[in-house]
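Got the viewer open? Here is a short selection tour, stop by stop.

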Amino acid sequence: MDVYLHMTKPAFDPLLAARIEACGIVAVLVIDREEDAVPLARALLSGGVTAMELTLRTPAALGALRRIRAEAPEMIAGVGTILTPEQVAEAFAAGAAFGVSPGVNPRVLHAARDAGLSFAPGVATPTDMEIALEHGCTLLKFFPAEAAGGLAYLKAATPPYLHLGVKFLPLGGVNANNMASYLSDPLIPAIGGSWLAPRDSIQAGDWATITGLAREAIRIIQSVRGK
């Protein structure tokens, strides 16, 4: 852990992490048309969700990000499915608030640190966690959460690293039925919610459904947190 222990600047901005924790959920989505970006962001905001991850699975993602930054700046808009250093540079240039990857590619982690992009790599094993920690990452995406063993697995695998301040954003099989159990654990400041904005709802412009799903998720979060 020598590299990690000598890092002076966290890989994820603490103030940004606190804003995401205050919301409790990051909407994870696939967008096919740039023109859907702003109404989608506003639909999520109307439901109380203030953080979103635009995945780089379609050519529209970065253009959508630029539109959100310009027209819905209150949304914390990041970029996910970052697989290469080049995508780190593209996300940063487009104004991403943060970046997320499904795994722990050291080249991607180096590029994110060099760019100054807050970054949460994906982890599923202790080896993944150690690679992330060596690069100064303590806010980690736990993926695929349910398939990897869920909260029980995470609580069993993380004790050797808790003194280093690790926290996890679980994604993959997390939904309205099990999100409360994740959020009740201090390891979890927020979850990833891919069900909040279904791709078909976005394509249909069904913003009311997305607002309703967001509102229900926030209700659950507030219930868990006693608000």
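Select C23 to begin: at 7% relative accessibility it counts as buried, because the cut-off is under 20%. Bear in mind that you're looking at a predicted model. Now jump to C137, which counts as buried too, with 3% relative accessibility. Don't go hunting for a disulfide, since the structure holds zero of them.

Keep C137 highlighted and bring up A11, L109, A112, R113, F119 and H135: together with C137 they line the second largest cavity. Its volume is about 40 Å³. Colour helix α6 (residues 106-115) next; α6 gives the most to this lining, with three residues. By class, the lining has five nonpolar residues, one polar and one charged.

How many cavities of 30 Å³ or more does the structure hold? Two, so head over to the largest one, with about 110 Å³ of space. Of the 13 residues lining the largest cavity, V26, E53, V100, L169 and G192 lie nearest its centre, so select those five. Then show β1 (25-29) and β8, each of which supplies at least two lining residues. Colouring by class gives 10 nonpolar, one polar and two charged residues around the largest cavity.

Stay with β8 and switch to cartoon. β8 belongs to an open sheet of three strands, ordered β6-β7-β8 with parallel pairing. At the edges sit β6 (122-123) and β8 (167-170), each pairing on one side only. Last stop: select β6 along with β7 (residues 139-142), a parallel pair joined by two bridges. Pick G122 and look across to β7, where K141 is its bridge partner.

Note on methods:
Residues are numbered from 1 along each chain as its sequence is written. This is a predicted model: local features need pLDDT of at least 70, side-chain atom pairs count only at pLDDT 80 or more; totals for chains, interfaces and linings use all residues. Side-chain values use heavy atoms; hydrogens and water are left out. A disulfide is a pair of cysteine sulfur atoms within 2.5 Å. Buried means under 20% relative accessible area, exposed over 50%, partly exposed in between (1.4 Å probe, protein chains only). Two strands pair if DSSP finds at least two bridges between them. Helices (H or I, at least four residues) and strands (E, at least two) are DSSP runs, numbered from the N terminus. On a 1 Å grid over the protein atoms alone, a cavity is a set of points where a 1.4 Å probe fits but cannot get out, and a pocket is an open set with protein on both sides within 12 Å along at least five of seven lines; lining residues have an atom within 4 Å of a point. Grid points are joined across faces, edges and corners, and a volume is the space filled by probe spheres set on the points. Ala, Val, Leu, Ile, Met, Phe, Trp, Tyr, Cys and Pro count as nonpolar, Asp, Glu, Lys and Arg as charged, and the others, Gly among them, as polar.
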